[in-house]
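Colleague: Hi, have you got a minute to walk me through this one?

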Amino acid sequence: MVPISIDSFVNKHCKSNPAEEPSKLKKRIKEAVKDKKNGASCFNCNQEIWAIGSAVAYQGCFSCITGEADASEDYEIDEVCWS
Ligand SMILES: [Zn+2]
């Protein structure tokens, strides 16, 4: 995955989703990052979660949220981007 800082992702996401409230999104991402650090697992397959997807959608891994296997071009928050 492509590492990105929380602030950069919030800026990027809110530019393409003007209805999103930056401070609320940031809070959800921080929670998802904390969950991932604590070993939270996907609702469906028990793999480690995708923090960004878990903040904007629901708690799951990249494949279960997006239905795609290739995560190489998608973002993950830098401090939990270890795969
Ligand atoms: Zn999964």
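Modeller: Sure, here is a short tour of the fold, the metal site and the salt bridges.

Modeller: This is a predicted model, where local features need pLDDT of at least 70, side-chain atom pairs count only at pLDDT 80 or more, and totals for chains, interfaces and linings use all residues. Residues are numbered from 1 along each chain as its sequence is written, and side-chain values use heavy atoms, with hydrogens and water left out.

Colleague: Which elements does the chain have, and in what order from the N terminus?

Modeller: The order is β-α-α-α-α-β, with four helices and two strands. Those are DSSP runs, with at least four residues for a helix (H or I) and at least two for a strand (E), numbered from the N terminus.

Colleague: Okay, metal next. Which residues coordinate the zinc ion?

Modeller: C42, C45, C61 and C64 do, each through SG, at 2.3 Å. Donors here are N, O and S atoms within 2.8 Å of the metal (3.2 Å for Na, K and Ca), and water is not among the atoms, so sites may look incomplete. Along the chain the spacing is C-x2-C-x15-C-x2-C. C42 sits in the loop between α2 (22–37) and α3 (51–56), while C64 is in helix α4 (residues 62–66), 22 residues apart.

Colleague: Are C42 and C64 buried or exposed?

Modeller: C42 is buried at 3% relative accessible area, whereas C64 is partly exposed at 22%. Buried means under 20% relative accessible area, exposed over 50%, and partly exposed in between (1.4 Å probe, protein chains only).

Colleague: Switching topic: how many salt bridges are there in the whole structure?

Modeller: Five turn up in the search. A salt bridge is a side-chain nitrogen of Lys or Arg within 4 Å of a carboxyl oxygen of Asp or Glu.

Colleague: What does K36 pair with?

Modeller: Its partner is E76, with the closest N and O atoms 2.9 Å apart. K36 lies in helix α2 and E76 in strand β2 (residues 75–77), so the pair ties together parts that are 40 residues apart in sequence. Both ends are buried: K36 has 4% relative accessibility, and E76 has 1%. K36 and E76 also belong to a salt-bridge network with E48.

Colleague: And where does K37 come in?

Modeller: K37 meets E79 in a salt bridge, 2.7 Å from N to O. K37 is in helix α2 and E79 in the segment after β2, so this pair ties together parts 42 residues apart in sequence. K37 is partly exposed at 48%, and E79 is partly exposed at 41%.
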